[in-house]
Amino acid sequence: MTHPPFVGFRQISRHDQLFKERIHDPYRARHKPSEPAVCPSCGAVFHEGRWQWGEAPEGAHQEMCAACHRIRDDFPAGFVTLGGEFYAAHHSEIMHIVHNVEKREKVEHPFNRIMAVEEKDGGTLVTTTDIHLARGIGEAIHNAYQGDLEFHYNPDEYLLRVHWTR
């Protein structure tokens, strides 16, 4: 039995594909730290098998988390380039979205952090410690303002470049 097409139905192209990693992030630990552990730089705690925000128990040993390693080495996983005339006219609103996405992500995922924000050539470059934060920033801006959004993922380097213009 065939069904008639829905009136007003149109196929929506999806932009929520996950990037499949061929290699893992070189900054991710190859072993789980002994529990409890605390990052001496940011204070994240390794507890119940994952890094999270919270109080470090007394006697926790110190081990630097992957995000702090990236920040120390100045080796971003995500690059978000923002530009265009619309961007220039709405710079502060768009940057507010950028920081809100980071704030929301960082609550549950301590490795999702903005490393730097650099104004250059009439646009802005935001570097992140994780590819998923870069992707989330690009998608949030695109959802709010449309424009042109491109992703360039390099699986060999665990690197995502996001370009948004309008």
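# Exercises on the predicted model

C39 is buried, with a relative accessible area of 2% (buried means under 20% relative accessible area, exposed over 50%, partly exposed in between, with a 1.4 Å probe and protein chains only). The model is predicted, so local features need pLDDT of at least 70 and side-chain atom pairs count only at pLDDT 80 or more, while totals for chains, interfaces and linings use all residues. Residues are numbered from 1 along each chain as its sequence is written, and side-chain values use heavy atoms, with hydrogens and water left out.

## Exercise 1. Elements of the chain

Task: state how many helices and strands the protein chain has, and the order of its elements.

Solution.
- Helices (H or I, at least four residues) and strands (E, at least two) are taken as DSSP runs, numbered from the N terminus.
- The protein chain has 4 helices and 9 strands.
- Read from the N terminus, the order is β-β-β-β-α-β-α-α-β-β-α-β-β.
- Of the 166 residues, 38% count as buried.
- Contact means heavy atoms within 4.5 Å. Among contacts in the protein chain with a separation of 6 or more, 57% come from residues 24 or more positions apart.

## Exercise 2. Cysteines

Task: count the disulfides and explain why C39 and C42 are not bonded to C68.

Solution.
- A disulfide is a pair of cysteine sulfur atoms within 2.5 Å. The count by this rule is 0.
- For C39, the closest cysteine sulfur is that of C68, and because it lies 3.6 Å away, it is too far for a bond.
- For C42, the closest cysteine sulfur is again in C68, at 3.7 Å, also too far for a bond.
- C42 is partly exposed at 26% relative accessibility, whereas C39 is buried at 2%.

## Exercise 3. The open sheet

Task: give the strand order of the open sheet and name its edge strands.

Solution.
- Two strands pair if DSSP finds at least two bridges between them.
- The order is β3-β2-β1-β4, 4 strands with mixed pairing.
- The edge strands are β3 (50–52) and β4 (61–62), each of which pairs on one side only.
- Strand β1 (residues 37–38) pairs with β4 in the parallel sense over 2 bridges, and A37 stands opposite H61 in β4.
- The loop between β2 (45–47) and β3 holds G49, which is partly exposed at 26% relative accessibility.
- Leaving out residues up to four places away in sequence, G49 touches K32 and E35. Its C-alpha atom is 8.5 Å from that of P33, 16 residues apart along the chain.

## Exercise 4. The hairpin

Task: describe how β8 pairs with β9 and what joins them.

Solution.
- Strands of a sheet pair through backbone hydrogen bonds, either parallel or antiparallel.
- Strand β8 (residues 148–154) pairs with β9 in the antiparallel sense over 7 bridges.
- Within this pairing, Y153 stands opposite L160 in β9.
- The two strands form a hairpin with 4 residues between them, and Y158 in the turn has a positive phi of about 50°.

## Exercise 5. Nonpolar cores

Task: identify which elements supply the largest nonpolar core and which of them gives the most.

Solution.
- A nonpolar core is a set of buried Ala, Val, Leu, Ile, Met, Phe, Trp, Tyr and Cys residues joined through side-chain atoms within 4.5 Å.
- The largest core has 24 residues, and those with the most contacts inside it are L82, I94, V98, I137, I141 and W164.
- At least two residues of this core come from each of β5 (78–83), α2 (85–89), α3 (91–108), α4 (131–145) and β9 (159–165).
- α4 gives the most, with 7 residues.
- Another core, of 10 residues, lies apart from this one and includes A37, C39, W51 and C65.

## Exercise 6. Aromatic rings

Task: classify the pairs F46 with W51 and F86 with Y145, then find which charged residues sit over the rings of F79 and F86.

Solution.
- Rings of Phe, Tyr and Trp (its six-membered ring) pair if their centres lie within 6.5 Å; planes under 30 degrees apart count as stacked, over 60 as edge-to-face and the rest as tilted.
- The structure holds 3 aromatic pairs.
- F46 and W51 are edge-to-face, with 5.5 Å centre to centre and 65° between the planes. F46 is buried at 4%, and W51 is buried at 12%.
- The ring centres of F86 and Y145 are 5.3 Å apart and their planes are at 55°, so this pair is tilted.
- F86 lies in helix α2 and Y145 in helix α4, so the pair ties together parts that are 59 residues apart in sequence. Both F86 and Y145 are buried.
- F46, W51 and F111 form one aromatic cluster.
- A charge sits over a ring if NZ of Lys or CZ of Arg is within 6 Å of the ring centre and within 35 degrees of the ring normal.
- The charged end of R161 sits over the ring of F79, 4.5 Å from its centre, and R166 lies over the face of F86, at 4.0 Å from the ring centre.
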